[in-house]
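Let us look at one protein model together and ask, step by step, what stands behind the terms used to describe it.

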Amino acid sequence: YTPDTGPRVRVNQVGYLPAGPKNATVVTAATEAFGWQLKNAGGDVVADGTSTPRGVDAASGQNVHTIDFTGFRTAGTGYTLVADGQTSHPFDISGTVYKQLRSDALQFFYIQRSGIEIDGDLVGEEYARPAGHLGVAPNRGDTDVPCRASACDYRLDVRGGWYDAGDHGKYVVNGGIAVHQLMSTFERTKTAVTAAHGAALADSTLRVPERGNNVPDILDEARWELEFLMRMQVPAGKPLAGMVHHKMHDANWTGIPMQPEDDPELRELHPPSTAATLNLAATAAQCARLFAPYDAAFADKCLTAARTAYTAAKANPGKLAQDLGGGGGGYGDADVSDEFYWAAAELYLSTAEQPYLTDLTASPHHTGDVFAATGFGWGSTAALGRLDLATVPNLLPAADRQRVRQSVVTAADRYLATLKAQAYGLPLPGDAGSYFWGGNSNILNNVVVLATAFDLTGKAGYRDGAVQGVDYIFGRNALNQSYVTGWGEHASQNQHSRIFAHQADPSTPHPPAGSLAGGANAGLDDPYAKDLLEGCKPQFCYVDHIESYATNEVAINWNSALAWVASFLADQGTG
Ligand code: 9MR
């Protein structure tokens with residue numbers, strides 16, 4: 001199988017910020033440097049220079065050169081880069097190149113909501129749909145949900161929240177990191193950037209039903225998930241009260257397409273787990289401090305849930321998720337020490353209470369290296385605590401606070417070094433082991449670290465690293481593929497989804513603009529990818545086909561990383 005990868009000059013198909021770095025990669029047989037030309041929309045040469053041979057790139061197996069045209073800063077649309085007889089896809093140079101991406105990436109979450117009608121007047125008729133999973137036949141959930149395999153003798157109303165991904169499952173561990181990254185996107189406007197930037201995330205900036213309620217829409221969106229996470233907590237008086245059910249999903253897998261309101265499968269709660277409990281503790285604690293100015297009662301409710309969860313997790317530190325099978329993902333995690341650290345950090349940041357400080361400083365993660373080369377994710381959450389301790393005002397002793405902040409900067413230095421060593425300019429090592437399921441979000445999470453280092457230090461090199469770090473996501477890669485629907489000349493649009501299943505059922509839409517695909521996965525963990533792509537070099541291990549769930553799904557924790565980064569990028573532009 002040889003994919004059509006288009007012109008051999010690879011650019012960020014969305015574009016470049018006028019004051020930002022501008023790099024491209026050329027796939028070529030040439031070993032010697034050659035000339036390049038930047039042309040405007042009219043075809044005039046506006047800049048030129050010479051390529052830098054980079055040899056064979058491990059992640060793609062390609063012989064490549066890089067081109068640096070950072071010095072050209074004139075805004076415009078329809079630029080192309082010409083080199084080695086090839087003309088790139090067109091791109092813009094503009095301060096507003098990422099402006100709309102902030103809201104597109106966030107809008108995904110409303111369209112992914114469970115338990116509420118999606119209003120076509122808000123998001124377009126093609127995305128309108130009835131409420132799903134409110135106990136209306138043929139649905140068998142989510143208002144009165146039993147436990148799988150007698151894991152409990154009660155039923156819970158666990159309506160609401162977001163569907164995890166292309167399936168209709170709702171998983172607390174993954175909901176946790178996703179809602180945290182939305183809240184952190186908002187919290188960043190209080191800690192790192194000007195009030196003008198905060199205005200971009202104010203009330204009535206998203207197309208959600210709650211717009212106009214005097215609460216920032218991004219917090220309204222987060223609340224939809226937080227309410228669900230709290231419903232997953234074991235009620236007082238029941239065994240393991242205060243713990244949180246790991247997940248709830250269909251008893252059997254459904255096929256594609258399947259609209260939520262048509263899902264006939266029994267919905268089941270899975271047993272409580274320490275990981276899920278700590279995800280609630282962390283995110284509900286963050287909820288408490290962010291909602292306090294808007295809704296004191298809800299903030300209190302969050303704090304109570306967080307404290308109760310944390311206490312329950314400490315009393316039950318070894319309840320690992322059990323894989324009982326059924327029609328949902330596992331989300332198992334054998335090490336919850338990082339979740340303990342994250343939860344203690346969030347509770348400390350919201351309460352300044354000594355016991356949480358004692359716990360977080362006693363954690364090995366407080367002084368350990370939490371910033372892996374391959375980034376953080378739903379199963380490795382220590383970085384979430386560390387980033388917040390570095391950015392959110394707190395009372396850590398000054399020397400410790402300084403060390404925490406420095407650890408973010410040190411990690412960013414490493415990601416910068418990686419990015420410079422990669423011919424495609426991404427902050428991810430080039431070995432096959434670095435390209436795994438959902439890895440696009442790990443790349444973006446490394447960009448979060450680079451961006452946070454810029455917020456902490458104001459040093460332009462970190463900002464440039466963050467800006468360059470997304471080129472890969474928008475098409476500067478072996479496949480010439482933008483991984484965000486609606487963004488770039490050749491963008492993913494057939495992601496694995498039961499709701500947005502256009503490729504399988506043309507009466508349904510493609511995923512909405514701003515949907516991130518999981519990305520190249522050398523593990524080839526689904527049959528479609530395995531059959532088609534066996535033997536692929538890492539960056540080639542991707543296909544924009546609806547059946548390839550392990551390379552091409554949508555997921556809330558991936559779009560939350562995109563949303564954080566998009567918001568940062570939008571803030572770096574002008575206008
Ligand atoms: O994103 C998850 C990835 O890190 C795991 O390797 C993979 C296999 O366990 O599962 C992914 O999560 C999927 C979940 O299990 C079910 N809903 C869709 C998720 C995205 O593919």
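Q: How many nonpolar, polar and charged residues does the shell around the ligand have?

A: The model is a predicted one, in which local features need pLDDT of at least 70, side-chain atom pairs count only at pLDDT 80 or more, and totals for chains, interfaces and linings use all residues. Residues are numbered from 1 along each chain as its sequence is written. The shell has 5 nonpolar, 4 polar and 3 charged residues, where Ala, Val, Leu, Ile, Met, Phe, Trp, Tyr, Cys and Pro count as nonpolar, Asp, Glu, Lys and Arg as charged, and the others, Gly among them, as polar. Among the residues surrounding the ligand are Asp 164, Gly 329, Trp 437 and Glu 553.

Q: What makes β4 and β5 a pair of strands?

A: Two strands (DSSP runs of E, at least two residues, numbered from the N terminus) pair if DSSP finds at least two bridges between them. Strand β4 (residues 35-39) and strand β5 (residues 45-50) run antiparallel and are joined by 5 bridges, so they satisfy the definition of a pair. Trp 36, for example, has Gly 49 in β5 as its bridge partner.

Q: Why does the largest nonpolar core lie between domain 1 and domain 2?

A: A nonpolar core is a set of buried Ala, Val, Leu, Ile, Met, Phe, Trp, Tyr and Cys residues joined through C-beta atoms within 7 Å, and buried means that 20 or more other C-beta atoms, placed from the backbone, lie within 10 Å of the residue's own. Of the 152 residues in this core, Leu 280 and Val 565 are among those that touch the most other members. Because domain 1 (1-97 + 397-575) and domain 2 (114-353) both give residues to this core, it lies between them, with the domain bounds coming from an automatic or database domain assignment.

Technical notes. A residue is near a molecule or strand if its C-beta atom, placed from the backbone, lies within 6 Å of it. Helices (H or I, at least four residues) and strands (E, at least two) are DSSP runs, numbered from the N terminus. A residue is buried if 20 or more other C-beta atoms lie within 10 Å of its own, exposed if 12 or fewer, and partly exposed in between; C-beta atoms are placed from the backbone.
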